[in-house]
Structure formats: structure tokens, C-alpha cells
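User: Got a chain open here and I'd like a quick tour. Can you start with how the helices pack?

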Amino acid sequence: MPIPDRNLGTAMGRGFRGRCPNCGRGRLFHAFLKVVDRCDACGEDLHHHRADDAPAYFDMLIVGHIIVPLALSVEVAYAPPYWVHVALWGPLTIGMSLGLLQPIKGAIVAWQWANRMHGFEAPADANRPQRWTESRIPGTSR
Ligand SMILES: [Zn+2]
């Protein structure tokens, strides 16, 4: 039995909006960065995700690539006093970082789901390759 495709773009869009990557209706988060164990609407298991530090990494990457060119452009064009830079870019950097962190995490969890990573495989599929487990490493079975 073939494993059904999971559309990466659709899933990541749903995750970015904080919705279940499978159905798009259930909530993905039960707190700011806490992913629900299971979708309220469709029952999809979502506890498998291993987003780890990736959301923070991509958050800093994106915000940095927006703020630094803006700050340099303002400096070159207007040469304002430094307190203006601090007052402008400090809150903007913090606001953008916090505002994008949950959507980015949602998109990464959905990316893992769409690519069947970390336990997001189709359930009860006997044809899929077995996951590598410690018991399959020679010399570790008891
Ligand atoms: Zn769902």
C-alpha cells in the first residue's frame, strides 16, 4: 500500500499559522512554544516533532537579515545619533523575533511532519523501512 503524499507547502503554511499540518483546523500550540500532543480536530499525533533549536536559528537569521540592512541604510542616509538607533532597532528586533518565533516553529514542525521525520511516519505501514534502533546496533542487544 503506497504511503499518501503530504504536501510540504500546504503543511508549512498551516504550521506557520499555528494550525495542524494535517487538517489545518486544530491548534498546533497550547502555549507560546508548546506543541500539542495530538490535534483536537483530526487526532494526528504531533508530539513526535524535534524542532529543538531550529526555530530560534531561523528566527535570528531572518530578523538579522531584515534589521541589519535597515539599520545600515538609516545610518548611511541620515546618520542619526546612536540613541535613535538603540530606540529604533532594539524594540523592533525584540518584537520581530518574538512575533516570528511561533510561526517559524509551526512551519518547522509541519516540515518534519510532511517529510515523515522523527516518528511522523504513516501509522501501521508494514512496507516502510524500520527505524534504526539501539537494539539493531551490533553488540548492544541484551
Ligand atoms: Zn489536525
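Analyst: Sure. This is a predicted model. From H2, the residues Ala54, Pro55, Phe58, Asp59, Ile62, Val63, Ile66, Ile67 and Ala71 meet a set in H3. On the H3 side these are His85, Trp89, Leu92, Thr93, Met96, Ser97, Leu100, Leu101, Ile104, Lys105 and Ile108.

User: How does that contact of H2 with H3 divide into nonpolar, polar and charged?

Analyst: There are 15 nonpolar residues, three polar and two charged.

User: And at what angle do the axes of H2 and H3 cross?

Analyst: Roughly 145°. The axes come within 8 Å of each other. H2 covers residues 54-78.

User: Is that a right-handed or a left-handed crossing?

Analyst: Right-handed, as H2 passes H3.

User: Zooming out. How many helices and strands in the protein chain?

Analyst: Three helices and zero strands. From the N terminus, the order is α-α-α.

User: What share of the residues is buried?

Analyst: Buried residues are 20% of the 142 in the protein chain.

User: What about contacts between residues at least 6 apart in sequence: how many join residues at least 24 apart?

Analyst: 55% of them do.

User: Okay, the core. How many residues are in the largest nonpolar one?

Analyst: It has 14 residues. Ala11, Ala107, Val109, Ala110 and Trp113 have the most contacts inside it.

User: Which elements give two or more residues to this core?

Analyst: Helix H1, residues 8-16, and H3. The largest share comes from H3, with seven residues.

User: Any general background on that sort of grouping?

Analyst: In soluble globular proteins, nonpolar side chains tend to be buried together.

User: Let's pick one residue, Ala110. Where is its place?

Analyst: Ala110 is in helix H3, which spans residues 82-114.

User: Why does Ala110 count as buried?

Analyst: Because it has 30 C-beta neighbours inside 10 Å, and 20 or more is enough to be called buried.

User: What is Ala110 in contact with, leaving aside neighbours within four places in sequence?

Analyst: Ala11, Met12, Arg14, Gly15 and Pro21.

User: How far apart are Ala110 and Pro21 in sequence and in space?

Analyst: They are 89 residues apart in sequence. In space, C-alpha to C-alpha, they are 5.3 Å apart.

User: And which residues is Ala107 in contact with, on the same terms?

Analyst: Beyond its neighbours within four places, Ala107 is in contact with Met12, Gly15 and Phe16. Met12 and Gly15 are also among the contacts of Ala110.

Terms used. Residues numbered from 1 in each chain as written. Predicted model: local features only at pLDDT ≥ 70, side-chain atom pairs only at ≥ 80, totals over all residues. Helix = DSSP H or I, 4+ residues; strand = E, 2+ residues; numbered from the N terminus. Buried ≥ 20, exposed ≤ 12 C-beta atoms within 10 Å, placed from the backbone. Contact = placed C-beta atoms within 7 Å. Core = buried A, V, L, I, M, F, W, Y, C linked by C-beta atoms within 7 Å. Axes fitted to C-alpha atoms, helices over the stretch in contact; angles between N-to-C directions. Left-handed = near helix turned anticlockwise from the far one by under 90°. Nonpolar A, V, L, I, M, F, W, Y, C, P; charged D, E, K, R; others polar.
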